[in-house]
There are 2 protein chains.
Amino acid sequence: MALRHAVLAALLDGEHSGYQLAKAFDVGMANFWHALPQQLYAELAKLEREGLLAGREVVQESRPNKRLFSVTDAGLAELHRFAAAPSKPSSIRDDLMVKVAAADSVDAAALIEQLEERAGIAAAKIELFEQLLRKMRGDLDEAEFLARGARIGPYLTCLRGRRFERENLDWCNEAVSVLRAREGSDAQL
Amino acid sequence: MALRHAVLAALLDGEHSGYQLAKAFDVGMANFWHALPQQLYAELAKLEREGLLAGREVVQESRPNKRLFSVTDAGLAELHRFAAAPSKPSSIRDDLMVKVAAADSVDAAALIEQLEERAGIAAAKIELFEQLLRKMRGDLDEAEFLARGARIGPYLTCLRGRRFERENLDWCNEAVSVLRAREGSDAQL
DNA sequence: AACAACATGTAAGCAGTTACATGATTTA
DNA sequence: TAAATCATGTAACTGCTTACATGTTGTT
């Protein structure tokens, strides 16, 4: 049960609505934790009931009303506790990798197509991360920001996301060229 | 529901028992799909009921008896279908990254400790992948194996795993040195 | 006129985790 | 003699996904 902590961490840079959080969990946050809007609304309600978040209603005119949430002292304490506790190793789940693992028994063309699609997604994400990183840095250059910038946490996770997607892109391209080369000359040992 | 496909893929290189699979899902397979032994035993039983796997009892003397499973034609057909179907993007879940995202509000020392531990784990995994890759290659050099080796699927996913862990290691080290540097001079903007 | 963005949820079902349960043999 | 390896499961719980449900405003 750690979606709760991901939500608390996401709310550290100010109050957000469920809708705003859902978008955050679709970009920067999504590198290490993914969640659908329904899940977020449910989790926010739960965290509020438990007193780890405080919600306030904001009445809007040309928009539906919304509820903004912020982390309470109890919420901060819970984050502290969580950060100090040992965690289990990360878990990854990727259908495409399962398909590649079965590459020898499966249609190569379909695999190549999906690897190329994935490479495109990775490239787009890299671009997104670059933007996010620039935005977080503001006027400072990277060394300066790493040394003295505010909110280093999200910056570091973004750096991890960029590294991950670069590897993803490179590997997809490598896998595609290997599979293509074997398609032509299918003399397997 | 794709553990089933991961199991089918894992059984492509011959029959295995639940126990053997559990070990495989703890090393090579774990890069893209993680599963506990209980889950595997349950899934194997289910796949056998559905006719995608065939199990046979092997009586042993100095060991408990075991059941070895292999993929049936129906299982292969299901893998084909799965490989050709579109899949949703990979999902990652990593507690440690959630903690790093909250780095500005939590205890830096505890974070550094966990990042170093993770770096160690990553280094060990890299070594493990190197071994696995050498073992799969056998006498061939890498270019040769990529071009003509048997069972390229597991080799490619292993290459992905090694890339991932290298990035992990580098990033953990980077994050540690950033956090250390900030610990000393805590003049945040 | 159609679609994207804003905004929030409920209900049912399925997948994954944790705890429990057992017991022989080989290695340190 | 203690621990690791071999070997297989059940039961209860929790968390995640899919499907459903609604309605306005701004953009193309």
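User: Two strands pair if DSSP finds at least two bridges between them. With that in mind, what is the order of the strands in the open sheet of chain B?

Analyst: Happy to start there: this is a predicted model, in which local features need pLDDT of at least 70, side-chain atom pairs count only at pLDDT 80 or more, and totals for chains, interfaces and linings use all residues. Residues are numbered from 1 along each chain as its sequence is written, chains are lettered from A and ligands numbered from 1 in the order written, and side-chain values use heavy atoms, leaving out hydrogens and water. Strands here are DSSP runs of E with at least two residues, and helices are runs of H or I with at least four, each numbered from the N terminus. Chain B has an open sheet of three strands with antiparallel pairing, in the order β1-β3-β2.

User: Which are the edge strands of that sheet?

Analyst: β3(B) pairs with β1(B) over two bridges and with β2(B) over six bridges, both in the antiparallel sense. An edge strand pairs on one side only, and that description fits β1 (16-17) and β2 (53-58) of chain B.

User: Which residue of β3(B) is the bridge partner of B:Ser17?

Analyst: One residue of β3(B) turns up twice in the pairing. It stands opposite B:Arg56, while B:Val58 has B:Lys66 as its partner in β3(B). For B:Ser17, the partner is B:Leu68.

User: At what angle do α1(B) and α3(B) pack, and how should I describe it?

Analyst: Helix α1 (residues 3-10) of chain B and α3(B) have axes 10 Å apart and an angle of about 85°; axes are lines fitted to C-alpha atoms over the stretch in contact, and angles run from 0 to 180 degrees between N-to-C directions. Angles under 35 degrees count as roughly parallel, over 145 as roughly antiparallel, 65 to 115 as roughly perpendicular and the rest as oblique. So α1(B) is, relative to α3(B), roughly perpendicular.

User: Which residues of α1(B) make the contact with α3(B)?

Analyst: Contact means heavy atoms within 4.5 Å. On the α3(B) side the residues are B:Gln39, B:Leu40, B:Glu43, B:Leu44, B:Lys46 and B:Leu47. By class, the contact has five nonpolar, one polar and three charged residues, where Ala, Val, Leu, Ile, Met, Phe, Trp, Tyr, Cys and Pro count as nonpolar, Asp, Glu, Lys and Arg as charged, and the others, Gly among them, as polar. From α1(B) come B:Leu3, B:Arg4 and B:Val7.

User: Turning to the DNA, how far is a polar side-chain atom of A:Lys88 from a phosphate oxygen of DNA strand C?

Analyst: DNA strand C is surrounded by 25 residues, each with a heavy atom within 4 Å of the strand, and A:Lys88 is one of the closest. Of the strand's atoms within 4 Å of the protein, 73% belong to sugar or phosphate. Polar contacts are pairs of N or O atoms within 3.5 Å; the side chain of A:Tyr41 has such an atom 3.1 Å from a phosphate oxygen. For A:Lys88 the distance is 2.7 Å.

User: And which residues come nearest to DNA strand D?

Analyst: Sugar and phosphate account for 71% of the atoms of DNA strand D within 4 Å of the protein. A phosphate oxygen of this strand is 2.8 Å from an N or O atom in the side chain of A:Gln39, and a polar side-chain atom of B:Lys88 also lies 2.8 Å from a phosphate oxygen. Of the 23 residues around the strand, the nearest are A:Met1, A:Gln39, B:Gln60, B:Arg67 and B:Lys88.

Terms used: A polar contact is a pair of N or O atoms within 3.5 Å; within protein, one must be able to donate a hydrogen and the other to accept it, and residues adjacent in sequence count only if both atoms are side-chain atoms.
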